[in-house]
Amino acid sequence: MAPTSQQSDRSLLTLILDVSPATWGERDLKRTAQDRARLAANKRSVGPARIDDLLTSTVAFCLSFAALKRDNVVVVIGVADDEVAILYPRKGGSGRSSMGSVV
């Protein structure tokens, strides 16, 4: 059976995020040290990004993707050390353009 145009126009976006506390803790320490040095020179921070920045940008990206077409589906997977979990959609959710629950 050939897919209808409705079925073939759906898109799936799968994001895999490294949310390892060790990785992000190390990045935060590095950024704090760099920020102190740059602040002493009257310069603004240039990174590396913090996990808050990553999550804010990820939500904005997913909302943009979902806004492109109503039937678009988003799945966000988190990986930390030896653990993997589906972060979005939550159990029983559809993953369709209701990213407000992630915020």
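Begin by selecting Ser 20, which counts as buried because its relative accessibility is 5%, under the 20% limit. The model on display is predicted. Ser 20 lies in the loop that links β1 (12-18) to α2 (21-40). Display its surroundings next: apart from neighbours within four places in sequence, Ser 20 is in contact with Val 79, Ala 80 and Asp 81.

**The sheet**

Two of those contacts lead into the sheet, since strand β2 covers residues 73-80. Select β1, β2 and β3 together. The 3 strands form an open sheet in the order β1-β2-β3, with mixed pairing. β1 and β3 (83-88) are the edge strands, each pairing on one side only. From one strand to the next, the twist averages 25°.

In general, the strands of a sheet pair through backbone hydrogen bonds, in either a parallel or an antiparallel sense. In which sense do β1 and β2 pair? Their pairing is parallel and extends over 7 bridges. To locate this pairing in the viewer, select Leu 12, which stands opposite Val 73 in β2.

Remain on β1 and select Thr 14, which is placed in that strand. Is Thr 14 buried or partly exposed? Thr 14 counts as partly exposed because its relative accessibility is 40%. With residues up to four places away in sequence set aside, Thr 14 touches Val 75 and Ile 77. A C-alpha to C-alpha distance drawn from Thr 14 to Val 76 gives 5.8 Å, although the two are 62 residues apart in sequence.

Now isolate β2. Of its 8 residues, 7 are buried, so the strand is largely enclosed by the rest of the structure. On the β3 side, the pairing of β2 is antiparallel and comprises 5 bridges. Two positions help to trace it: Gly 78 stands opposite Ala 85 in β3, and Ala 80 stands opposite Glu 83 in β3.

Follow the chain from β2 into β3 through the hairpin, where 2 residues lie between the strands. Select Asp 81 there and inspect its backbone: this residue takes a positive phi near 55°. Asp 81 is also one of the contacts of Ser 20, the starting point of the tour.

**The helices**

Add helix α3 (residues 51-68) to the view. This helix packs on the sheet and touches β1 and β2. Its direction makes about 175° with that of β1.

Select α2 next. This helix has 20 residues and reaches 28 Å from its first C-alpha to its last, close to the 28 Å expected at 1.5 Å a residue. Which residues of α2 are buried? They are Trp 24, Arg 31 and Asp 35. These residues lie on the same side of α2, because they cover an arc of only 40° around the axis. An α-helix has 3.6 residues a turn, so residues three or four places apart point the same way.

Show β1 and α3 alongside α2, as the buried residues of α2 pack against both elements. Then rotate the view to the face of α2 turned away from its buried side. The exposed residues carried there are Ala 22, Glu 26, Leu 29, Arg 36, Ala 37 and Ala 40.

The tour ends just after α2, at Asn 42, whose phi is positive at about 55°.

Notes: Residues numbered from 1 in each chain as written. Predicted model: local features only at pLDDT ≥ 70, side-chain atom pairs only at ≥ 80, totals over all residues. Heavy atoms only, no water. Helix = DSSP H or I, 4+ residues; strand = E, 2+ residues; numbered from the N terminus. Buried < 20%, exposed > 50% of the residue type's maximum accessible area, 1.4 Å probe, protein only. Contact = heavy atoms within 4.5 Å. Pairing = 2+ DSSP bridges. Axes fitted to C-alpha atoms, helices over the stretch in contact; angles between N-to-C directions. Expected span 1.5 Å × (residues − 1). Arc of directions from axis to C-beta.
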